[in-house]
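Dear colleague,

I am handing over the structure below, together with some notes on what turned up in it. Please read the notes with the coordinates open beside them.

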Amino acid sequence: MKAVIKTKRNRGLEFKEAPIPKVGLRDVLVKVRIASICGTDVHIYDWTRWAQHRFTPPRIIGHEFVGTVTKIGDEVTRVNIDEKVSAESHLSCGKCYQCNNGYAEVCRNFKLLGVDHDGTFAEFLVLPEHVLWKNDPNIPDEWATIQEPFGNAVDTVLAEDVSAKTVLILGAGPIGLFATGIAKACGASLIIVSDPNNYRLAISKKMGAHIAVNPRKQDVTQIVMEATKNNGVDVVLELSGNNQALNQGLKSVTPGGRISILGIYERRVSIDLNKEVVFKKIRIYGITGRKIFSTWHKTSRFLSSGLVDPTLVITHRFPLKDYEKGIKLMKDGKCGKVILNV
Ligand code: NAD
Ligand code: ZN
């Protein structure tokens, strides 16, 4: 089969032949139809500091996909041949304290698909059956492949209720754009989105943002205060991974409000904890991965019911062999979600 493989400890990837993986007793072989590119894949391509510490070549990369079950191990009971599936990318152990207490997303022994386990940028992929998600037949393939990052957005937005609340979303990458659609669908009364990228700000308006702010040209906190009668917003969603944006969020949240943080920061961040958190009595949620599988159920219903339409976020499509074009677009920020037809 053809696959996109990180073969060496340096920049780049290779599109080459790889053996079709073997199926164990509780494994499933999936024929990949579509895979989508995540920032993690770009880090691996660029061989950033994170990748150098976390990744060991050779490995097929990618963790977002939709595909069809083509072969099942003798003990598999959860899926059947020809069923359309996606999967949770955190391959949890099912045995640790976190797995036993309903926190499999922070399993102590989890393996990351496309990092610790061969990934989805290939014609075939083997997964243990317990991470597979059976797709709702009403969800088109191009939407099914983005369920994994969409689930990040679901948990970030819905860490608490947003109905009739005022919301500031920092970062309009694919996850910030999904979050905008989700906040809108859940009845947020005011959605302000901040991103230095005007291409993405334009999409955010179509996803439901009432105000789109460019933080390089405008004062985010001032705009929030003007729009909220000087109260600040009830909810901040930090989806940029930028220290400055995080601080703007802390300044913009109303005392007694909440902030959810999914963004991942390159370095340690600096915040004024006394002033911006303790004395404002705000609630901070760290968000990682998705709840397994309650978030997948919500994601599936958002998409199958049409409550959120992610069509405008999916901006580019390439055949798998042209993966590098997609990675370049992502580095230039001239895209929403980029998908690869396998
Ligand atoms: P992305 O990199 O595509 O989007 C980030 C956006 O933030 C970009 O559009 C960028 O222009 C914008 N940005 C940069 N500086 C900004 C600033 N000062 N103010 C406002 N916006 C700014 O990433 P994504 O795929 O949409 O993911 C969002 C974030 O979530 C990233 O930090 C990513 O690493 C992180 N993430 C975390 C998890 C998790 O499990 N915790 C999972 C996936 C992604
Ligand atoms: Zn575990």
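Is Phe-55 buried or exposed? In this model, which is a predicted one, Phe-55 has a relative accessible area of 1% and is therefore buried, given that the limit for that term is under 20%.

The aromatic residues make a convenient place to start, since a search of the whole structure finds 6 aromatic pairs. In one of them, the ring centres of Trp-47 and Phe-55 are 6.3 Å apart and the planes stand at 90°, so this pair is edge-to-face. Trp-47, with a relative accessible area of 9%, is buried, and Phe-55 is buried too, as noted above.

A second pair brings together Trp-133 and Phe-293, whose ring centres lie 5.7 Å apart with their planes at 20°, so that this pair is stacked. The two residues come from distant parts of the chain, 160 residues apart: Trp-133 belongs to strand S10 (residues 132-134), while Phe-293 sits in the loop between strand S16 (283-286) and helix H11 (294-304). Trp-133 counts as buried at 8% relative accessibility, and Phe-293 likewise counts as buried, at 17%, because the limit is under 20%. The contacts do not end with these two rings, as ring pairs link Trp-133, Phe-293 and Trp-296 into a cluster.

The other part I would like you to look at is strand S11 (residues 166-170), which is mostly covered, with 5 of its 5 residues buried. In a regular strand the side chains alternate between the two faces of the sheet. In S11 both faces are covered: Thr-166, Leu-168 and Leu-170 are buried on one side, and Val-167 and Ile-169 are buried on the other.

S11 also has strand partners. It is joined by 5 bridges to strand S12 (residues 190-194), and these two strands run parallel; within this pairing, Leu-168 stands opposite Ile-192 of S12. Another 4 bridges join S11 to strand S14 (residues 233-238), again with the strands running parallel, and here the bridge partner of Leu-168 is Val-236. Leu-168 is thus a useful residue to select when you follow the pairing, with Ile-192 in S12 and Val-236 in S14 as its partners.

Finally, as regards the connection between the strands, S11, helix H6 (residues 174-185) and S12 make a β-α-β unit, and this unit is right-handed.

With best regards

Key
Residues are numbered from 1 along each chain as its sequence is written. Chains are lettered from A and ligands numbered from 1 in the order in which they are written. This is a predicted model: local features need pLDDT of at least 70, side-chain atom pairs count only at pLDDT 80 or more; totals for chains, interfaces and linings use all residues. Side-chain values use heavy atoms; hydrogens and water are left out. Rings of Phe, Tyr and Trp (its six-membered ring) pair if their centres lie within 6.5 Å; planes under 30 degrees apart count as stacked, over 60 as edge-to-face and the rest as tilted. Buried means under 20% relative accessible area, exposed over 50%, partly exposed in between (1.4 Å probe, protein chains only). Two strands pair if DSSP finds at least two bridges between them. A crossover is right-handed if, with the strands pointing away from the viewer, the path from the first strand over the helix to the second runs clockwise.
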